[in-house]
Amino acid sequence: MRLLEGQLTTKLLVWSVTLSVLMSPIHCDDKDDDNDDDNDDEEMTVCQEEDNDLRVTCPLQPKPNYHTEFEFSMSKDKREVIIYTNVSGTMPDPSFRHNTYVQELEPYGFKLTMMHFTITENTTFMCKVTKEAKSLFVDVDTLQPCSAISVFLQSYPQLLSLLLPLGIIQTLEAL
Ligand SMILES: *[C@@H]1O[C@H](CO)[C@@H](O)[C@H](O)[C@H]1NC(C)=O
Ligand SMILES: *[C@@H]1O[C@H](CO)[C@@H](O)[C@H](O)[C@H]1NC(C)=O
């Protein structure tokens, strides 16, 4: 019985250490969300889906006290071509009017899908949310498939929080 209690205490101890180690980065992320300077930390991503859609993420947080407006564009023949916009008074390029859509990301940001589209030359993608902008140069020869795990976890942070408790359970079972 004493042995059992000992094991239980050890397990609880390991569990709380594991938990606090695992929780701390999440906690920091929550703080970062309130800090506008940290918008610069996260990069845009551009990747090719298996069904040939092109996916572009824009990890920018809308500024408080501003009307949220966003826009995706790309460089083509040294011109800026608007792919998707909800800035009032602007229109996307006609070639992108019916084959693109945008979804909001959690906890913030936007994700553009360009259906059955790929790039045929080095392209710089740009996105704007209220007063901020980001851009990403994409080399036509090294365009990544979206199955790359980092992109996956970046686009679905909620999946990461699902996986973390599983990791804790596995750690416990391994004891
Ligand atoms: C643009 O999208 C944002 C986020 O979905 C929304 O809050 C805003 O009202 C939209 N603006 C316009 C002009 O539709
Ligand atoms: C694309 O950019 C890379 C540098 O990142 C360069 O080496 C390559 O030649 C460029 N390709 C084309 C087709 O311009």
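Ligand shell and unusual backbone sites

The shell around ligand 1 has no nonpolar residues, three polar ones and two charged ones. In this predicted model, the residues around the ligand are Thr 68, Glu 69, Asn 86, Ser 88 and Glu 104. The two charged members are Glu 69 and Glu 104, because Glu counts as charged. Thr, Asn and Ser are in neither the nonpolar nor the charged list, so Thr 68, Asn 86 and Ser 88 count as polar.

The backbone comes next. Most residues other than glycine have a negative phi, and most peptide bonds are trans. Three sites in this model depart from those habits, and each can be placed in a loop between two strands.

Asn 52 lies in the loop that joins strand S1 (45-48) to strand S2 (54-58). The phi of Asn 52 is near 75 degrees, a positive value in a residue other than glycine. Is Asn 52 buried or exposed? Asn 52 counts as exposed, because it has 11 C-beta neighbours inside 10 Å, and the cut-off for exposed is 12 or fewer.

Pro 107 is found in the loop between strand S5 (100-104) and strand S6 (110-114). Here the unusual feature is the peptide bond: from Glu 106 to Pro 107 it is cis, with omega near 0 degrees.

Thr 130 sits in the loop between strand S7 (123-129) and strand S8 (132-138). Its phi is near 45 degrees, again positive in a residue other than glycine. Thr 130 has 17 other C-beta atoms within 10 Å, so it is partly exposed; a buried residue would need 20 or more.

Key
Residues are numbered from 1 along each chain as its sequence is written. Chains are lettered from A and ligands numbered from 1 in the order in which they are written. This is a predicted model: local features need pLDDT of at least 70, side-chain atom pairs count only at pLDDT 80 or more; totals for chains, interfaces and linings use all residues. A residue is near a molecule or strand if its C-beta atom, placed from the backbone, lies within 6 Å of it. Helices (H or I, at least four residues) and strands (E, at least two) are DSSP runs, numbered from the N terminus.
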